[in-house]
Amino acid sequence: MKMFIIVLILISSIPGYATIEYEGEPSQPSNAEVTRNRACFEELSKENCPDPADDVRQFRSCLHNVFPTLTPSCQKLMSELYTKKD
């Protein structure tokens, strides 16, 4: 019974912790923003960069090689997503 109560407390505390840790904007991205971001990944796909979910190291290497050829909005997005944060 004690173990059941402990497990129940742990399960119920995880969503609360996730809510506390979230520091992003509470609103959803606009359709235009989603379309622009998808277009950026399609642009990278046309440059033969692999999907970042498949192999992040190879994706980053490819991104580094093709970065100067990307559109400015795509460069900004990729910089925000894949540059090292201090």
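**Figure 1. Overview of the protein, with four helices and zero strands.** The model shown here is predicted. Read from the N terminus, the elements follow the order α-α-α-α. The protein has 86 residues, and 16% of them are buried. Its exposed surface comes to about 7400 Å², of which carbon and sulfur atoms supply 58%. Among contacts between residues at least 6 apart in sequence, 36% link residues that are at least 24 apart.

**Figure 2. The largest nonpolar core, made of 12 residues.** The members of this core are Cys40, Leu44, Cys49, Phe59, Cys62, Leu63, Val66, Leu70, Cys74, Leu77, Met78 and Tyr82. Helix 2 (31-46), helix 3 (56-66) and helix 4 (72-82) are the elements that each contribute two or more residues to it. The next two views each take up one residue of this core, Cys49 and Leu77.

**Figure 3. Surroundings of cysteine 49, a member of the largest nonpolar core.** Which residues does cysteine 49 touch, if those up to four places away in sequence are not counted? They are Leu44, Phe59, Cys62, Leu63 and Val66. Each of these five names also appears in the list of core residues.

**Figure 4. Leucine 77 in helix 4.** Is leucine 77 buried or exposed? Leucine 77 counts as buried because its relative accessibility is 12%, and the limit for buried is under 20%. Apart from neighbours within four places in sequence, leucine 77 is in contact with Asn37, Cys40 and Phe41. One of these, Cys40, belongs to the largest nonpolar core together with Leu77. Phenylalanine 41 and leucine 77 are separated by 36 residues in sequence, while their C-alpha atoms are 9.8 Å apart in space.

**Figure 5. Asparagine 48 in the loop between helix 2 and helix 3.** Asparagine 48 is not a glycine, yet it has a positive phi of about 70°. Its relative accessibility is 67%, so asparagine 48 counts as exposed; the limit for exposed is over 50%.

**Figure 6. A nonpolar surface patch of about 580 Å².** Five residues make this patch: Met1, Phe4, Ile5, Leu8 and Ile9. One of them, isoleucine 5, is located in helix 1 (residues 2-21). How is isoleucine 5 classed by its relative accessibility? Isoleucine 5 counts as partly exposed because the value is 43%, and partly exposed covers the range between the limits of 20% and 50%.

How values were computed:
Residues numbered from 1 in each chain as written. Predicted model: local features only at pLDDT ≥ 70, side-chain atom pairs only at ≥ 80, totals over all residues. Heavy atoms only, no water. Core = buried A, V, L, I, M, F, W, Y, C linked by side-chain atoms within 4.5 Å. Buried < 20%, exposed > 50% of the residue type's maximum accessible area, 1.4 Å probe, protein only. Contact = heavy atoms within 4.5 Å. Patch = residues over 30% accessible without salt bridge, like charges linked within 9 Å, V, L, I, M, F, W, Y side chains within 5 Å. Areas by Shrake-Rupley, 256 points an atom, 1.4 Å probe, with all protein chains shown as cover. Salt bridge = Lys/Arg side-chain N within 4 Å of Asp/Glu carboxyl O.
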